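Me: Hi! Could you walk me through this structure with me asking questions as they come up?

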Amino acid sequence: VVDKADGRGVTVGLGFATGDGSAARVVAVYEDATDDDVFAGAADDAAFAAAWEAAADGEFAADFRAAQDAVVEETRYQPALAHMKALGHQSALSLLVLFDAVWLHGDGDDLDGTPALIERTCVDPADEDLWLRTFFAIRANDMLGPANADRRDAWAAALPRIDVQEDLLFGENFNLQGPIDVGHGFDVTVD
C-alpha cells in the first residue's frame, strides 16, 4: 500500500489504485465472491488501505487474490490482447509490451492512455519490429512528459521497464525464451 503521488490515489495490491476505480473493481469482485465485509465503512484512503491489508491477510485471502487476478485479466490482459490482435502482431513480446503499457498507462481515452500511445505510433504495424521500436520511443516520451503532470516523477522512475523490453527486442527474443537476464536495476533472471 503506497501513495505514489501520481494522481491515482493510493496504490494497492497488484497495482490497483483508489483514484482510477481499479481498486474498487477488485473489492466488488471480492465482495461478490465472499461474505467478508472488511471494506464496509472504508471511506477514505487510510481506512481503505487498512481494509485492503486485512483482506489480504484474512480468512478469505485466497479469494482476495483470485479477485485481483480476475480484475487483472479483465482490465489489463484482455485489453492488451485486443490491441495486439488489432495490430496484427503475433509475438509474446508484443503482448508483454502492450500488457505493460496498459498496466502503467491504463486503457482509457486520456492522452496518456495506451490507445492514445498506439495512435501516435505512426508506422505500419505489419513491421512488428519497427512498430515496437517506435512505440518504445513514443511511450518513453510520454512517461517523461505526460499530459497528467502528477504522473511525471513516478513514470520517469519507471523508464527502466522499457529498457528491459528493448533488450528483448534487440536480442530478437520475440517468444520470450528463457532464461532472461533482466538488468537495469531489476537484476533478476527469469526462467
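**Chatting through the model**

Reply: Happy to. Aspartate 100 sits in helix 4, and the model we are looking at is a predicted one.

Me: Is aspartate 100 buried or exposed?

Reply: Aspartate 100 is buried, as its relative accessible area is 10%, under the 20% cut-off.

Me: And what does aspartate 100 touch, leaving out residues up to four places away in sequence?

Reply: Aspartate 100 touches Arg139, Arg161 and Gln165. Two of the names come back in the pairing of helix 4 with helix 8, where Arg161 and Gln165 are among the helix 8 residues met by helix 4.

Me: Good, stay with that pair. At what angle do the axes of helix 4 and helix 8 cross?

Reply: They cross at roughly 170°, and the axes come within 11 Å. Helix 4 and helix 8 are therefore roughly antiparallel to each other, since an angle over 145 degrees counts that way.

Me: Which residues meet there?

Reply: Helix 4 brings Leu93, Leu96, Val97, Asp100, Trp103 and Leu104, and helix 8 brings Arg161, Gln165, Leu168 and Leu169. By class, this contact has seven nonpolar, one polar and two charged residues.

Me: How does helix 6 pack with helix 8?

Reply: Helix 6, residues 128-144, and helix 8, residues 160-170, pack at an angle of about 170°, with axes 11 Å apart. That makes helix 6 roughly antiparallel to helix 8.

Me: Which residues make that contact, and how do they split by class?

Reply: On helix 6 they are Asp129, Leu132, Arg133, Phe136, Arg139, Ala140 and Met143, which meet Arg161, Ile162, Gln165, Glu166, Leu169 and Phe170 on helix 8. The classes are seven nonpolar, one polar and five charged residues.

Me: Switching to the cores. How many residues does the largest nonpolar core have?

Reply: It has 28 residues, and those with the most contacts inside it are Leu98, Trp131, Leu132, Phe135 and Met143. At least two residues each come from helix 3 (61-87), helix 4 (92-105), helix 5 (114-120), helix 6, helix 8 and strand 4 (180-182).

Me: Which element gives the largest share?

Reply: Helix 4 does, with seven residues.

Me: You listed Met143. What does methionine 143 touch, again leaving out residues up to four places away in sequence?

Reply: Methionine 143 touches Leu104, His105, Arg152, Trp155, Ala156, Ala158, Leu159, Arg161 and Ile162. Apart from the largest core lies another one, of 19 residues, among them Phe16, Ala23, Phe39 and Ala42.

Me: Phe16, okay. What about valine 72, which lies in helix 3? Buried or exposed?

Reply: Valine 72 is buried, with a relative accessible area of 13%. Leaving out residues up to four places away in sequence, valine 72 touches Leu14, Phe16, Tyr77, Phe99 and Trp103.

Me: How far is valine 72 from leucine 14?

Reply: Their C-alpha atoms are separated by 8.2 Å, while the two residues are 58 apart along the chain.

Me: New topic: aspartate 45. Where is that one?

Reply: Aspartate 45 is in helix 2, residues 45-57. Its relative accessible area is 36%, so aspartate 45 is partly exposed.

Me: What are the contacts of aspartate 45, with the usual sequence neighbours left out?

Reply: Aspartate 45 touches Gly9, Val10 and Thr18, not counting residues up to four places away in sequence. With threonine 18 there is a polar contact between the two side chains, at 3.2 Å.

Me: And how far apart are aspartate 45 and aspartate 107?

Reply: They are 23 Å apart in space, C-alpha to C-alpha, and 62 residues apart in sequence.

Me: Last thing, the backbone. Which two residues does a cis peptide bond join?

Reply: Glycine 178 and proline 179, with omega about -5°. Proline 179 is in the loop between helix 8 and strand 4. Most peptide bonds are trans.

Me: What about the phi of histidine 184 and of aspartate 187?

Reply: Phi is near 60° for histidine 184 and near 50° for aspartate 187. Most residues other than glycine have a negative phi. Histidine 184 is found in the loop between strand 4 and strand 5 (188-190), and aspartate 187 is found in the loop between strand 4 and strand 5 as well.

Me: Are those two buried or exposed?

Reply: Histidine 184 is partly exposed, with a relative accessible area of 38%. Aspartate 187 is exposed, because its relative accessible area is 62%, over the 50% cut-off.

How values were computed
Residues are numbered from 1 along each chain as its sequence is written. This is a predicted model: local features need pLDDT of at least 70, side-chain atom pairs count only at pLDDT 80 or more; totals for chains, interfaces and linings use all residues. Side-chain values use heavy atoms; hydrogens and water are left out. Helices (H or I, at least four residues) and strands (E, at least two) are DSSP runs, numbered from the N terminus. Buried means under 20% relative accessible area, exposed over 50%, partly exposed in between (1.4 Å probe, protein chains only). Contact means heavy atoms within 4.5 Å. A polar contact is a pair of N or O atoms within 3.5 Å; within protein, one must be able to donate a hydrogen and the other to accept it, and residues adjacent in sequence count only if both atoms are side-chain atoms. Axes are lines fitted to C-alpha atoms, for helices over the stretch in contact, and angles run from 0 to 180 degrees between N-to-C directions. Angles under 35 degrees count as roughly parallel, over 145 as roughly antiparallel, 65 to 115 as roughly perpendicular and the rest as oblique. Ala, Val, Leu, Ile, Met, Phe, Trp, Tyr, Cys and Pro count as nonpolar, Asp, Glu, Lys and Arg as charged, and the others, Gly among them, as polar. A nonpolar core is a set of buried Ala, Val, Leu, Ile, Met, Phe, Trp, Tyr and Cys residues joined through side-chain atoms within 4.5 Å.
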